[in-house]
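Reader: I am a first-year student, and I should like to understand one part of this protein closely. Could you take me through the spaces in it, and then through the helices and side chains around them?

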Amino acid sequence: EVRTRSENPRGDGGGNVTGGLFAATMLMLVFRRRYPKWWFDFQRELVRFSARVGAYAALLTDRYPSTEDEQSVHLDIDAPDPSRLNQWLPLVKWFLAIPHYIALALLSIAACGAVVIAWVAVLFTGSYPRVLFDFVVGVLRWTLRVQAYAFLLVTDEYPPFSLS
């Protein structure tokens, strides 16, 4: 049997796109020691939009995510200086971040539970409990730090295991 469509049941290539962006960035850094500004700007804006979508999905804001405006999610990522980055570290950063993936997987499950509890609290009280809000924001911040280290490749500084 010959298939003409992707084996992905959803039909999207989201994982392939981000993997391709990571691979291209890694190859530019390893072989050319370059991180073009336009490439960085594109990736930064994609991460900013993803953060807005994540904040909206986690009920942290009720403003529909804009593709252009910063809104209530502020994400600052400094452009890397390729001459200050280790040339070969991009090959293993994704591997070095495995302890973070494990911790974040568990924290993400807890954050999903916190969002459900917060949804019920908002439904009955009209406000998001501050403790749950801070926890979910902390998980998102930690995730973004790991993403900046392991996939955006903008820093060689290993991210801390911290919600703050």
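Author: The count comes to one cavity of 30 Å³ or more in this predicted model. This largest cavity holds about 30 Å³ of space. Its lining consists of Arg 52, Thr 61, Arg 63, Pro 65, Gln 71, Ser 72 and Val 73. By class, two of these residues are nonpolar, three polar and two charged.

We turn next to the pockets. The largest pocket contains about 730 Å³ of space and is lined by 30 residues. Nearest its centre lie His 74, Leu 75, Leu 140, Arg 141 and Leu 144. The lining as a whole divides into 19 nonpolar, six polar and five charged residues. Helices H2 and H5 each supply at least two residues of this lining, and H5 gives the most, with nine.

The second largest pocket holds about 430 Å³. It has 19 lining residues, of which Thr 18, Leu 46, Val 47, Ser 50 and Gln 147 lie nearest its centre. Its lining comprises eleven nonpolar and eight polar residues, and no charged ones. Here H1, H2 and H5 each contribute at least two residues, and the largest share, seven residues, comes from H2.

Helix H5 gives the most to the lining of the largest pocket, and it deserves a closer look. The helix covers residues 130-150, which is 21 residues. At 1.5 Å a residue, and counting one less than the number of residues, such a helix should span 30 Å; the C-alpha atoms at its ends are 30 Å apart, so the expected span and the model agree. Several of its residues are buried, among them Leu 132, Val 136, Val 139, Trp 142, Val 146 and Tyr 149.

At the start of H5 there is a salt bridge. Side chains of opposite charge can pair when their charged atoms come close. Asp 134 and Arg 130 form such a bridge, with 3.4 Å between the closest N and O atoms. Both residues belong to H5 and are four residues apart, about one turn of the helix. Asp 134 is partly exposed at 40% relative accessibility. Arg 130 has a relative accessible area of 56%, and therefore counts as exposed, the limit being over 50%.

Elsewhere, salt bridges that share partners join Lys 37, Asp 41, Arg 44, Glu 45, Arg 48 and Asp 76 into one network. In total the structure holds seven salt bridges. Glu 45 meets Arg 44 in one of them, at 3.4 Å from N to O, and Arg 48 in another, where the closest N and O atoms are 2.9 Å apart. Arg 48 and Glu 45 both lie in H2, three residues apart, about one turn of the helix. Are the residues of these two bridges buried or partly exposed? Arg 44 counts as buried because its relative accessible area of 16% is under 20%. Arg 48, at 17%, is buried as well. Glu 45, by contrast, is partly exposed at 34%.

Aromatic rings form another set of contacts. A pair of aromatic rings is described by the distance of the centres and the angle of the planes. The structure holds ten aromatic pairs. In one of them, Phe 22 and Phe 151 stand edge-to-face, 5.5 Å from centre to centre and with 75 degrees between the planes. This pair links distant parts of the chain: Phe 22 is in helix H1 (residues 14-32), whereas Phe 151 is in the segment after H5, 129 residues apart. Phe 22 is buried at 15% relative accessibility, while Phe 151 is partly exposed at 33%. The rings of Tyr 149 and Tyr 158 have centres 5.4 Å apart and planes at 80 degrees, so this pair too is edge-to-face. Tyr 149 is buried, with a relative accessible area of 2%, and Tyr 158 is partly exposed at 33%. Ring pairs join these two tyrosines with Trp 142 and Phe 161 in a cluster.

Finally, consider a residue in a loop. Arg 84 is found between helix H2 (37-57) and helix H3 (93-96). With a relative accessible area of 70%, Arg 84 is exposed. Arg 84 and Trp 119 are 35 residues apart in sequence, and their C-alpha atoms are 44 Å apart in space.

Conventions: Residues are numbered from 1 along each chain as its sequence is written. Side-chain values use heavy atoms; hydrogens and water are left out. Buried means under 20% relative accessible area, exposed over 50%, partly exposed in between (1.4 Å probe, protein chains only). On a 1 Å grid over the protein atoms alone, a cavity is a set of points where a 1.4 Å probe fits but cannot get out, and a pocket is an open set with protein on both sides within 12 Å along at least five of seven lines; lining residues have an atom within 4 Å of a point. Grid points are joined across faces, edges and corners, and a volume is the space filled by probe spheres set on the points. Ala, Val, Leu, Ile, Met, Phe, Trp, Tyr, Cys and Pro count as nonpolar, Asp, Glu, Lys and Arg as charged, and the others, Gly among them, as polar. Rings of Phe, Tyr and Trp (its six-membered ring) pair if their centres lie within 6.5 Å; planes under 30 degrees apart count as stacked, over 60 as edge-to-face and the rest as tilted. A salt bridge is a side-chain nitrogen of Lys or Arg within 4 Å of a carboxyl oxygen of Asp or Glu.
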